[in-house]
Amino acid sequence: MDPGVPALPNQRYKMCRIMCERRNGWSLRSFCEGNYSAICTPHWRNGHQAARCVSPRTEWIEKRMSETQCCVDATVKTRGKAKVAEADTDTRAFCLTQCSDAVDRERDWTQEDIFLLCKRSM
């Protein structure tokens with residue numbers, strides 16, 4: 001990994017699945033702000049390694065493939081809120097441009113890829 005890239009809790013992420021499924025409740029901004037300032041506590045759930053993550057503005061549960069260190073799903077906790085927030089313009093644009101193809105949807109994003117994405121969107 002490039003020494004100029006800050007560390008994330010996981011080595012790789014299924015970004016299309018995480019960002020573009022409405023039920024997960026992420027925007028690009030909340031994902032970038034949350035993941036770079038999060039503290040995660042791992043545990044096992046339904047055969048997957050899971051983690052409860054907390055950052056100053058967001059709390060979420062993520063599912064990981066332990067052997068590949070890939071986050072396959074991350075859902076923002078919405079307790080006390082009426083509904084999941086709507087995706088903003090940047091998030092919708094990401095989903096349309098990066099996740100329209102079936103192969104692209106299953107791509108594993110590296111920490112470097114996510115750093116560049118967050119740098120552009122913040």
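Cysteine 20 has a relative accessible area of 30%, and therefore counts as partly exposed. The terms here are set by relative accessible area with a 1.4 Å probe and protein chains only: buried is under 20%, exposed is over 50%, and partly exposed lies in between.

Colleagues, a word on the basis of these values. The model is predicted, so local features are reported at pLDDT of at least 70 and side-chain atom pairs at pLDDT 80 or more, while totals for chains, interfaces and linings use all residues. Residues are numbered from 1 along each chain as its sequence is written, and side-chain values use heavy atoms, with hydrogens and water left out.

I begin with the disulfides. How many does the structure hold? There are four disulfides, where a disulfide is a pair of cysteine sulfur atoms within 2.5 Å.

Cysteine 20, with which I opened, is joined to cysteine 95 at an S to S distance of 2.0 Å. The torsion about this S-S bond is about -105°, which is why the disulfide of cysteine 20 and cysteine 95 is left-handed. The pair bridges distant parts of the chain, 75 residues apart: cysteine 20 belongs to helix α1 (residues 15-20), and cysteine 95 to helix α3 (residues 89-98). For these labels, helices (H or I, at least four residues) and strands (E, at least two) are DSSP runs numbered from the N terminus. Is cysteine 95 buried or exposed? Its relative accessible area is 18%, so cysteine 95 is buried, whereas its partner cysteine 20 is partly exposed at 30%.

The next disulfide is formed by cysteine 32 and cysteine 118, whose sulfur atoms lie 1.9 Å apart. With -85° about the S-S bond, the link between cysteine 32 and cysteine 118 is left-handed. Here too distant parts of the chain are linked, with cysteine 32 in helix α2 (residues 28-35), cysteine 118 in helix α5 (residues 111-121), and their positions 86 residues apart. Cysteine 32 and cysteine 118 are both buried.

I turn to a disulfide placed on strands. In cysteine 40 and cysteine 53, the sulfur atoms are 2.1 Å apart. What is the handedness of this disulfide, and why? The torsion about the S-S bond of cysteine 40 and cysteine 53 is about 115°, so the disulfide is right-handed. Cysteine 40 sits in strand β2 (residues 39-45) and cysteine 53 in strand β3 (residues 48-54), 13 residues apart. The two ends fall into separate classes of burial: cysteine 40, with a relative accessible area of 21%, is partly exposed, while cysteine 53, at 0% relative accessibility, counts as buried.

Taken along the chain, with bonded cysteines counted in order, the disulfides follow the pattern 1-7, 2-6, 3-8, 4-5. Cysteine 70 takes part in no disulfide, and its nearest cysteine sulfur is that of cysteine 71, at 7.0 Å. Cysteine 71 is likewise in no disulfide, the nearest cysteine sulfur being that of cysteine 70. Cysteine 70 has 1% relative accessibility and so counts as buried. Cysteine 71 has 0% relative accessibility and so counts as buried.

I now come to the packing of the interior. In soluble globular proteins, nonpolar side chains tend to be buried together. A nonpolar core is a set of buried Ala, Val, Leu, Ile, Met, Phe, Trp, Tyr and Cys residues joined through side-chain atoms within 4.5 Å. The largest such core in this model has 23 residues, and those with the most contacts inside it are Met15 and Phe94. Which elements give two or more residues to this core? They are α1, α2, β3, β5 (70-76), α3 and α5. Helix α1 supplies the largest share, four residues.

Phenylalanine 94 itself touches Met15, Met19, Cys20, Leu28, Cys99, Trp109 and Leu117, leaving aside residues up to four places away in sequence. Contact here means heavy atoms within 4.5 Å. Phe94 therefore meets Cys20, one end of the disulfide to cysteine 95.

Last, I consider threonine 91, which is found in helix α3. The relative accessible area of threonine 91 is 1%, and so it is buried. Which residues does threonine 91 touch, not counting residues up to four places away in sequence? The contacts are Met19, Trp26, Ser27 and Leu28. Of these, Met19 and Leu28 are also touched by phenylalanine 94.
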